Amino acid sequence: MGSTFLATTSDWISKLLTWVTWKTFLTLLSAFCFVRVVYDEINKRTQRLPMIGERVLILGASSGVGRAMAKQYAARGARVCVVGRREALLAEVREECLQARRDVPGTADHDIAALPGDFTSVADMINIRTFLEEAWGGLDTLVVAAGVSALKPLLAVTGVQGNEDSTKEGIQRTVDIAAAATRGNYVGPLIAAVTLIPTLSRTSKAPAILLLNSVAAIIPAPTRTLYASTKAASLLLYQALSIEHPNIAFTHFLPATIEGDFRASAVDSGPVRELDPNKHGLKREKVAKRAIEAVDMGEKNVIMPFIPYHFAHFLYWMMGPSGSVVESMARKKYNYNV
């Protein structure tokens with residue numbers, strides 16, 4: 001009888017402690033979430049830098065997410081400078097930005113600028129910096145949205161179809177295409193950073209840089225050898241810069257496949273292998289909205305969509321054999337069979 005009572009009492013105490021432990025955990029978790037929300041709201045960048053009048057430079061604004069971001073920034077009253085290589089498209093973007101901010105008080109047409117330029121050109125970037133300092137007195141937000149795609153398996157670039165040796169001409173062609181990918185996805189972001197980081201630091205009370213990168217930089221995929229490796233290089237470049245320049249809020253934005261014609265200008269002229277991006281890809285406007293939100297909130301590393309790519313990244317790097325599952329899914333997505 002006594003032993004039964006003790007056992008029952010012990011079981012009851014164990015259950016009580018478990019209940020208290022879970023209740024304490026949930027209470028602490030709720031408190032943490034509340035404090036985090038309040039902290040984020042207090043430290044929101046827009047508390048220190050009003051949206052109206054924010055000086056925004058978007059490199060790669062003639063199409064895609066850069067174009068969508070330009071319109072969204074303009075609609076909330078920012079001064080926006082759009083940069084791209086296609087002058088006719090830039091004129092269209094400027095007009096769209098002017099229309100988007102028609103009802104915003106205290107704004108003027110000269111607050112929207114369109115400058116033709118190539119962010120891989122040192123001379124062009126210096127000219128852009130000079131314009132920003134003379135016209136607006138500096139810069140608050142730099143958006144690096146320009147880049148190039150590459151869509152072929154690496155050996156396919158050389159012309160190899162089986163196990164035969166690559167020719168001298170094929171190897172040289174691969175080197176040339178790799179240089180083009182590197183220039184568009186690494187050298188351009190590098191030039192933009194070294195040209196404009198001092199301007200941001202000197203002229204803004206809340207400087208920020210957004211690098212529009214790709215989830216391919218952290219989760220490898222077939223047919224994206226050159227694209228992923230050059231995107232990874234610029235990602236690590238900006239992540240290291242964020243440590244060297246803690247006064248600037250860096251946001252590294254890593255979306256999955258986005259709708260649009262970005263792949264049509266692939267430096268290797270490769271075909272699109274995945275399902276039609278215009279049907280299955282992320283919508284440009286949604287990506288632009290989430291990217292701007294990330295800059296406002298000071299988020300450092302953002303993967304979009306969160307599911308499944310956060311888990312895929314974790315599985316690939318942390319779970320050993322399960323990395324092969326991620327590789328298998330990547331082969332399926334890009335319709336690649338060995």
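Which residues does Ala113 touch, not counting residues up to four places away in sequence? Keep that question in mind as you work through the exercises below, using the predicted model above.

**Exercise 1. Place Ala113 in the fold and list its contacts.**

Step 1. Start with the secondary structure: Ala113 sits in strand S3.

Step 2. Check how enclosed the residue is. Buried means under 20% relative accessible area. Ala113 has 8% relative accessibility, so it counts as buried.

Step 3. Now collect the contacts. Leaving aside residues up to four places away in sequence, Ala113 touches Val80, Cys81, Val82, Arg94, Phe131 and Trp136.

Step 4. Look at one of these partners in detail. Val82 is 31 residues from Ala113 along the chain, yet their C-alpha atoms are separated by 6.2 Å.

Step 5. Relate the contacts to the elements around them. Strand S2 covers residues 79–84, helix H4 covers residues 87–100 and helix H5 covers residues 122–136. You can now find each of the touching residues in the 3D view.

**Exercise 2. Work out the strand order of the sheet and find its edges.**

Step 1. Count the elements of the protein chain: there are twelve helices and seven strands.

Step 2. Trace the sheet from one side to the other. The seven strands form an open sheet, ordered S3-S2-S1-S4-S5-S6-S7, with parallel pairing.

Step 3. Find the ends of that order. S3 (112–116) and S7 (301–304) each have a single partner strand, so one side of each has no neighbour in the sheet.

Step 4. Add the twist: on average, neighbouring strands of this sheet are turned by 15 degrees against each other, direction ignored.

**Exercise 3. Follow the chain through S1, S2 and S3.**

Step 1. Begin with S1 and S2, which pair in the parallel sense over five bridges. One pair to look for is Val56 with its bridge partner Val80 in S2.

Step 2. Ask what joins these strands. S1, helix H3 (residues 64–75) and S2 make a right-handed β-α-β unit.

Step 3. Move on to S2 and S3, which run parallel and are joined by five bridges. In S3, Val82 has Ala114 as its bridge partner, while Val83 has Leu115.

Step 4. Identify the connecting helix here too. S2, helix H4 and S3 make a right-handed β-α-β unit.

Step 5. See what packs on these strands. Helix H5 lies across S1, S2 and S3, and runs at about 165 degrees to S2.

Step 6. Finish with burial. Five of the six residues of S2 are buried, so the rest of the structure largely encloses this strand.

**Exercise 4. Is strand S5 buried or exposed?**

Step 1. Count residues: five of the five in S5 are buried, so the strand is largely enclosed by the rest of the structure.

Step 2. Separate the two faces. Ala208, Leu210 and Leu212 are buried on one side, and Ile209 and Leu211 are buried on the other. This split matches a general pattern: side chains in a regular strand alternate between the two faces of the sheet.

Step 3. Turn to the neighbours. S4 and S5 pair in the parallel sense over four bridges, and Val144 has Leu211 as its bridge partner in S5. S5 and S6 also pair in the parallel sense, over five bridges, with Ala249 in S6 as the bridge partner of Ala208.

Step 4. Trace the connection: the chain crosses from S5 through H8 to S6 in a right-handed β-α-β crossover.

**Exercise 5. Describe how helices H7 and H8 pack.**

Step 1. Locate H7 (residues 168–203) against the sheet. This helix lies across S1, S4, S5 and S6, running at about 170 degrees to S4.

Step 2. Compare the axes of H7 and H8 (residues 225–244): they come within 8 Å and cross at roughly 15 degrees.

Step 3. Apply the cut-off. Angles under 35 degrees count as roughly parallel, and H7 and H8 are therefore roughly parallel to each other. H7 passes H8 in a right-handed crossing.

Step 4. Inspect the interface. H7 contributes residues including Ile177, Ala181 and Tyr186, while those from H8 include Leu226, Tyr227 and Leu237.

Methods. Residues numbered from 1 in each chain as written. Predicted model: local features only at pLDDT ≥ 70, side-chain atom pairs only at ≥ 80, totals over all residues. Heavy atoms only, no water. Pairing = 2+ DSSP bridges. Helix = DSSP H or I, 4+ residues; strand = E, 2+ residues; numbered from the N terminus. Axes fitted to C-alpha atoms, helices over the stretch in contact; angles between N-to-C directions. Contact = heavy atoms within 4.5 Å. Buried < 20%, exposed > 50% of the residue type's maximum accessible area, 1.4 Å probe, protein only. Right-handed = clockwise from strand over helix to strand, strands pointing away. Parallel < 35°, antiparallel > 145°, perpendicular 65-115°, else oblique. Left-handed = near helix turned anticlockwise from the far one by under 90°.
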